[in-house]
Amino acid sequence: MKKSASVPRILRQILPDLFILPTVAALLSGIMTWANVGVSEEFMGRWARSFGVSLVLLPMILVGIGQLQKWLDQTLHFVHSLGRKVLASLIIACVIETVLAVGVTAISHPFDAQFAQAWWLAFSRSLPAGVLVGLFMTFFLKPRMDRMRRAAA
């Protein structure tokens, strides 16, 4: 009986991550694919591949971002917590967009002569969405997820 009761608790702990990660990956890879190929016949195929690459890259990026956030908290301890959160959101958005843009652009332009221009288009067009996602997650979603995890534990 105890094992079946613990399964829902585990699901409650990981369910937000299982929902958020693919949503962010779909949004950002969609914008980046649109920046590289526009709305054309090849959009859906490339978006599907870009989405797959994003799903692989995002967890690895998030591990590094945890370390980056700890470093920012230690380094900028003199800055108000609101300022640290905004700055962290902006830096995190830039890191996520940079790495994802490399992965997504590599699908459309596998390190050819147009790679740098295509990367810039993907990065610059998806950065506003990445910043909004970062701010939303920092100020709204992360506190709620932390509360849900504490309640499930």
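Helices here are DSSP runs of H or I with at least four residues, numbered from the N terminus, and by that reckoning helix 4 gives the most to the lining of the largest pocket, with 9 residues. The model is a predicted one, and its chain holds 4 helices and 0 strands, so that, taken as DSSP runs, the elements follow the order α-α-α-α from the N terminus on. Of the 153 residues in the chain, 34% are buried, and among contacts between residues at least 6 apart in sequence, 72% join residues at least 24 apart.

**Largest pocket**

- The largest pocket has a volume of about 600 Å³, and its lining is made up of 24 residues, with Ile-20, Leu-62, Ile-65, Met-137 and Lys-142 lying nearest the centre.
- Two or more residues of this lining come from each of helix 1 (2-37), helix 2 (43-75), helix 3 (81-108) and helix 4 (115-152).
- By class, the lining of the largest pocket divides into 14 nonpolar, 5 polar and 5 charged residues.
- Met-137, one of the residues nearest the centre of the largest pocket, is placed in helix 4 and counts as partly exposed at 28% relative accessibility, because the partly exposed class runs between the 20% and 50% cut-offs.
- Leaving out residues up to four places away in sequence, Met-137 touches Ile-20, Val-24, Lys-142 and Pro-143, and of these Ile-20 and Lys-142 are also named among the residues nearest the centre of the largest pocket.
- The C-alpha atom of Met-137 is separated by 8.6 Å from that of Ser-89, the two residues being 48 apart along the chain.

**Second largest pocket**

- The second largest pocket contains about 190 Å³ of space, and helix 2, helix 3 and helix 4 each supply at least two residues of its lining.
- Gln-69, Asp-73, Ser-81, Arg-84, Lys-85, Ala-88, Thr-138, Lys-142, Pro-143 and Asp-146 form the lining of the second largest pocket, which by class has 2 nonpolar, 3 polar and 5 charged residues.
- Lys-142 belongs to the lining of the second largest pocket and is also listed among the residues nearest the centre of the largest pocket.
- Both Lys-142 and Pro-143, which appear in the lining of the second largest pocket, are touched by Met-137.

**Aromatic pairs and a charge over a ring**

- The count of aromatic pairs, taken as rings with centres within 6.5 Å, comes to 4.
- One of these pairs joins Phe-43 and Trp-47, which are tilted with 5.3 Å from centre to centre and 45° between the planes; the two residues stand 4 apart in helix 2 and are therefore separated by about one helical turn.
- Within that pair, Phe-43 counts as buried because its relative accessibility is 14%, whereas Trp-47, at 26% relative accessibility, counts as partly exposed.
- Another pair is that of Trp-120 and Phe-123, whose ring centres lie 5.8 Å apart with the planes at 35°, so the pair is tilted.
- Trp-120 and Phe-123 are both found in helix 4, where a spacing of 3 residues puts them about one turn of the helix apart.
- Trp-120 counts as partly exposed at 47% relative accessibility, while Phe-123, at 11%, counts as buried.
- Trp-119 joins Trp-120 and Phe-123 in one aromatic cluster.
- Over the ring of Trp-34 sits the charged end of Arg-125, 5.0 Å from the ring centre.

**Residues set far apart along the chain**

- Phe-123, placed in helix 4, is in contact with Cys-94, Glu-97, Thr-98 and Ala-101 once its neighbours within four places in sequence are left aside.
- The C-alpha atoms of Phe-123 and Ile-31 are separated by 9.3 Å, although the residues are 92 apart along the chain.
- Ile-14 lies in helix 1 and is partly exposed, with a relative accessible area of 37%.
- Between Ile-14 and Met-145 the C-alpha to C-alpha distance is 9.5 Å, with their positions 131 residues apart in sequence given as the separation.

Technical notes
Residues numbered from 1 in each chain as written. Predicted model: local features only at pLDDT ≥ 70, side-chain atom pairs only at ≥ 80, totals over all residues. Heavy atoms only, no water. 1 Å grid on protein atoms, 1.4 Å probe; cavity = no way out; pocket = protein on both sides within 12 Å on 5 of 7 lines; lining within 4 Å. Points joined across faces, edges and corners; volume = space filled by probe spheres on them. Nonpolar A, V, L, I, M, F, W, Y, C, P; charged D, E, K, R; others polar. Phe/Tyr/Trp six-rings, centres within 6.5 Å; stacked < 30°, edge-to-face > 60°. Buried < 20%, exposed > 50% of the residue type's maximum accessible area, 1.4 Å probe, protein only. Lys NZ or Arg CZ within 6 Å of the ring centre and 35° of its normal. Contact = heavy atoms within 4.5 Å.
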